[in-house]
Amino acid sequence: MNQPANEQWIRNYPDLGTEQLSTDAATSPEFFERERDQVFRRSWLVVGRQQDVADSGDWFLKEVPSPKASVLVMRGDDGVIRAFYNTCKHRGSKLVHKNCGSGVKGFSCPLHGWVYDSSGNLAFVPDENEFYQLDKPALGLTKINCEVWEGFIFINLDPQPQLTLKEFLGEIHDSYNGYFDGLEEASHYTVTADINWKLLFDVSVEAYHVFSIHPIHPVSDETEKEVGKPPEIPEIKLPHIVLHELHRLVTVPGNPFRPQSPVEQLMIKYGVVSSFTFPEPGEKPADLPVGVNPGNVPAWSFDVLGMFPNNVVLTGRGIYVTIVMWPEAVDKTFFDIRIYMKPVNNMAERICREAIIAMTRDVMREDFDHVEPQQSALSPDAIQYIQLSDQELAVRHGYAALRKVMNEGFRGELVK
Ligand code: FES
Ligand SMILES: [Fe+2]
């Protein structure tokens, strides 16, 4: 059910409160250290998709900046996807130096040639007889907890995670059955920006800023002319907000009255199916799972699923986008952005796909262009608290979930 415009979303979640929030979460180095140790070291984190290691012997590296960990993800000969610390058990050399590869049987350490098989077991030691007590079965690569949900590969750097992945996902675990299947990675780029990781997350789960900074979403020629008098437009009112214990979802409506550019008219003509550019008319299609457009919003364009702690997934029709935020410092973040779309069948569809990728990239750049200066303006001397409207409830929830985990752990136990 859509929330009537004159209702307040906070009524559904009164425990969140309505007070101002401290800016220290985005500016304090002490807060950042606690976040690294109590959130990123203990959460399930998305490092890729299972198609990144489609076949046995496929592998990739993920360099996690905070807490620092070089993670080797590999599909073994037995077809199982595993994650390991990228550290040789002889004298601790870095085992693998490239970013990714395929078709390997294992790895040989570049320093002295210890060999590990594709399941991480220590398989061969040159001059083994020169060692005194070598417990080879115990000297496999150190495992990192690794599980797959709906094709997403998660790791957890906590040797004994407080929650199973299923518990961590909660209600969303069963809400996307098969939705992410069948789309391929159409675009992948990375950005390192001088911002706290949460600032981009925040701007991704509210649409209050859309009218101001995203010209790709003008409402109409008339409203654009009304400078200084922002109209009541569909794109700045979120028609549906769902807050889970850790995760959150907002629905972004499209604007059926938006004038179509010549490129967009070509997209319609040549049949590229993506709700990013054109909202779905009428009722929610029956083939979409319960987690997508959960409010059955008319003119639905896409949802923003904010997965705790650092993964924003935009879910549309025929397209989804993942934005994974890897904090390097309180004011520096590495962003891994991937767009997944249906395979194309001909040149026209290819051109349309590239147009959608370019439009999505432009919107991302508009966000970065405004969020990076925001970080430098967030001096504690200038501002100590932020104000949040009812439309920014998912932002408020993000900070509440973060502080809860930092203060109480995932099971509500005090974290030492
Ligand atoms: S450190 Fe790897 S073989 Fe010596
Ligand atoms: Fe935006």
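Which residues are exposed on the other side of H2? They are Glu30 and Glu33, where exposed means 12 or fewer other C-beta atoms within 10 Å of a residue's own, buried means 20 or more, partly exposed lies in between, and C-beta atoms are placed from the backbone. This is a predicted model, in which local features need pLDDT of at least 70, side-chain atom pairs count only at pLDDT 80 or more, and totals for chains, interfaces and linings use all residues. Residues are numbered from 1 along each chain as its sequence is written, while chains are lettered from A and ligands numbered from 1 in the order in which they are written.

The elements discussed are DSSP runs numbered from the N terminus, with helices (H or I) of at least four residues and strands (E) of at least two.

| Element | Residues |
|---|---|
| Helix H2 | 29–40 |
| Strand E7 | 106–108 |
| Strand E8 | 115–117 |
| Strand E9 | 122–124 |

The buried residues in helix H2 are Phe32, Glu35, Val39 and Phe40. They line one face of the helix, because they fall within an arc of 70° seen down its axis, the arc being that of the directions from the axis to the C-beta atoms. Their cover includes strand E17 (319–329) and helix H9 (393–408).

An open antiparallel sheet has the order E7-E8-E9; strands pair if DSSP finds at least two bridges between them. E7 and E9 are the edge strands. E8 is joined to E9 by 2 bridges, and Tyr116 stands opposite Leu122 in E9.

Leu246 lies in the loop between strands E13 (240–243) and E14 (248–253). Leu246 counts as buried because it has 25 C-beta neighbours inside 10 Å.

Conventions:
Two residues are in contact if their C-beta atoms, placed from the backbone, lie within 7 Å.
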